[in-house]
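Student: Could you take me through one part of this structure slowly? I would like to see how a single strand fits in with what surrounds it.

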Amino acid sequence: MRKAFICQSNYIPWKGYFEAIAQADVFVLYDCVQYTKNDWRNRNRIKTAQGLQWLSIPVRQKQLKQRIADTQVAQANWAKKHWNSWQTHYAKAPFFKQYAPKIKALYLEEDHPFLSQINKRFILWALKELQIQTEVLESVHFDLQEQDPSLRLIELLQQIEAQHYLSGPAAKAYLNEAAFEAAHIKLEYLNYGPYPTYEQLYPPFSDAVSILDLFFHLGPAAKQFFRSI
């Protein structure tokens with residue numbers, strides 16, 4: 001039974017995002033749906049001496065129904081600013097020097113105008129570092145006609161020949177479970193964590209940060225924090 005996790009691309013996501021991908025045979029970046037403001041699509045948090053701090057990619061939203069895949073970056077210098085923030089707040093982390101050249105290159109060596117492709121670049125890098133072998137697809141390459149959220153997911157699952165759908169727990173509030181059952185697709189809600197804590201530069205410990213926090217503090221041992229990897 002082919003198992004799928006389908007989710008919008010997030011900017012340098014937290015570790016739970018990657019744990020979900022690791023449990024699936026196929027992961028679909030679901031960026032054919034509407035871009036939502038004040039969400040995880042273009043921002044995430046880092047730890048600083050002053051507490052949690054947002055790193056947000058400035059984007060242009062020309063219309064309410066604009067797709068994530070069509071959302072463009074609004075300022076050219078955001079990448080340099082974000083990289084400078086990592087340097088400022090994580091330079092003393094145990095594995096910063098090991099990962100700094102790779103992360104710097106992700107920020108500064110490509111200047112892609114679309115948010116979705118920027119997110120994809122960081123996600124694919126992290127998957128490789130974590131040695132997660134899940135197949136990665138993009139929903140924009142599929143012909144999806146359904147408008148209802150549940151039926152649209154089912155349509156995509158059928159096209160990628162998946163019979164088992166892993167969903168985030170928040171989706172329980174709106175997914176039509178009967179529709180999945182009628183389509184003979186097993187619907188399973190994920191339970192994130194609890195994860196072990198680790199020593200961060202700036203206590204108290206927080207899980208609600210980008211995966212890069214884990215890499216900079218634990219290095220190659222980061223993958224040991226995932227139950228399913």
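Tutor: Here is a close look at one strand and its partners, followed by the cysteines. Keep in mind that this is a predicted model. Let's start with strand β2, which covers residues 26–29. In a regular strand, side chains alternate between the two faces of the sheet. You can follow that pattern here: V26 and V28 point one way, while F27 and L29 point the other way. Whichever way they point, all four are buried.

Now look at the partners. Strand β1, residues 3–7, pairs with β2 in the parallel sense, over four bridges. One place to find this pairing on your screen is A4, whose bridge partner in β2 is V26. Between these strands, follow the chain through helix α1, residues 15–22: β1, α1 and β2 make a right-handed β-α-β unit.

β2 also pairs with strand β7, residues 135–138, again in the parallel sense and over four bridges. Here you can look for V28, whose bridge partner in β7 is L137.

Finally, let's turn to C7, a residue of β1. Might you expect a disulfide here? A search of the whole structure finds zero disulfides. For C7, the reason is distance: the closest cysteine sulfur, in C32, is 12 Å away, so it is too far for a bond. To count as a disulfide, the two sulfur atoms would have to be within 2.5 Å. Both cysteines are buried, C7 with a relative accessible area of 15% and C32 with 8%.

Key
Residues numbered from 1 in each chain as written. Predicted model: local features only at pLDDT ≥ 70, side-chain atom pairs only at ≥ 80, totals over all residues. Heavy atoms only, no water. Buried < 20%, exposed > 50% of the residue type's maximum accessible area, 1.4 Å probe, protein only. Helix = DSSP H or I, 4+ residues; strand = E, 2+ residues; numbered from the N terminus. Pairing = 2+ DSSP bridges. Right-handed = clockwise from strand over helix to strand, strands pointing away.
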